[in-house]
Amino acid sequence: MLFNSFDFLLFFPIVCVLFFCSPHRYRWIILLAASCYFYMYFIPIYILILIGTIIIDYFAGLWIEKSEGRARKRYLIISLLANILVLAVFKYYNFFIENIEVVLNALGQKNSLPYLTILLPVGLSFHTFQAMSYTIEVYRGNQRAEKHFGIYALYVMFFPQLVAGPIERPQNVLHQFHEKKYFEYDNLVKGLKLILWGFFMKVVVADRLAIYVDAVYNNVDKHSGITLLVATLFFTFQIYCDFAGYSYIAIGTARVMGFKLMTNFNRPYFAKTISEFWKRWHISLSTWFRDYLYLPLGGNKVPKYRWYFNLFFVFLVSGIWHGANWTFFIWGALNGFYLVFAILTQKYRNKINDFFGISKNEIVFKSIQIITTFLLCAFAWIFFRANNVQDAFEIVKKITSGLNFNLFVKWDVFFGVLIGLTILLLKEFREEYLINKLPIFKNSIVRLVIYALLIVLILLFGVFDSGQFIYFQF
């Protein structure tokens, strides 16, 4: 089920009423049943995959906690392999076979391995990573194994963040399912505010940008460099508003029922470095890779060449996590390169800044940093969005070979986009720099007017075609 659908507008209030009207001891059943229904709205049979991995990880957690020595590690490995195997089969098998076929054809051989005609289960990487974090934390002794099977199943399947995160940790969520929740007006208001802003980001900004971006990126050969540049800049905001919009709706939905999920985005395009960008973008995934891959590899507590390898490798894996396509591999490699290059050149960049006195003017210096970081991210997003590697390099070639003014224009899109992006940037600029300097926004009447305006803009400029969220495919 999509958040931006009429079905969800009916589903969510019904779930809330049933949840708060039911005795505490039955509420996990209400939420689990709702989560199953929510997930089965896509492809019902795929819930069997979830049930299978939930059973394996539930018992693995119990056995890890009871065991000692090598047995603990053995049960952890079984759990991790089960989850990785599901990912490998559904997400990467055909990609692997396709590349094997290319190699065999180059050698004059034929591929005898069959392709699988299956669809990728929605949000597979998200709930798989969340399940893996549970057994890892139990193994590390940071989380007690959950004895209640239904509560553990709810931890994996909780519908607000089931298919696109945030990727939660057991320490943050599991105990909340045991706690008795009361209907609180404050939670309702805060949750609805987040939901409203998430809907604005999704249907007014992201989905309207998508009309232009899809028209251009799906016909690269028919468009000029200036059009491709505009589409690339638009996609930079589209993917942010699409994914952050989902996160706001997910966090707000959970908050209405009294559950607190982690923040997943923190105004990433105001980051001054690529490193800072990844501390602000998809925080639940960035911290997942940090805690379960980067730090176990040694982090930065190793010789420099190993540190550089660790950074680069983690981002390669992050790229592959996003999709079975060489475009994602290149996108991950680019971000890894950015980080390593920034470390290697830090000393020289400081000297250049000191020589020209750039850093003496703080506003100018920060602006240059933010714009540079934004442009580096936008360039990397080309490979993330392009349909294939050939298209990606063609886009780069056209943009860098000279821009003419033969711009592809869709005025109905541009007008709505202009309004949406203006409001987005003003809101985020205020939160980044002026949060305590404009007391007028704390006035209840002003805030009500703003919320009413957002609703009007959603109704006027929203794209209501139930467009799927981009990250559902991951």
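**Notes on cysteines and two unusual loop residues**

1. Let's start with C16, which has 10% relative accessibility and therefore counts as buried; that word means under 20% relative accessible area, with exposed over 50% and partly exposed in between (1.4 Å probe, protein chains only).

2. Before going on, keep in mind that this is a predicted model, where local features need pLDDT of at least 70, side-chain atom pairs count only at pLDDT 80 or more, and totals for chains, interfaces and linings use all residues. Residues are numbered from 1 along each chain as its sequence is written, and side-chain values use heavy atoms, leaving out hydrogens and water.

3. How many disulfides does the structure hold? It holds 0, a disulfide being a pair of cysteine sulfur atoms within 2.5 Å. For C16, the closest cysteine sulfur belongs to C21 and is 10 Å away, so it is too far for a bond.

4. C377 gives a similar story: its closest cysteine sulfur, in C241, is 15 Å off, too far for a bond. C377 is also buried, at 3% relative accessibility.

5. Now the backbone. Most residues other than glycine have a negative phi. R267 has a positive one, near 50°, and sits in the loop between α9 (225–256) and α10 (274–280). Helices here are DSSP runs (H or I, at least four residues), as are strands (E, at least two), numbered from the N terminus. Because its relative accessibility is 19%, R267 counts as buried.

6. H282 also has a positive phi, near 40°. Where is H282? Look in the loop between α10 and α11 (283–294). With 1% relative accessibility, H282 counts as buried.
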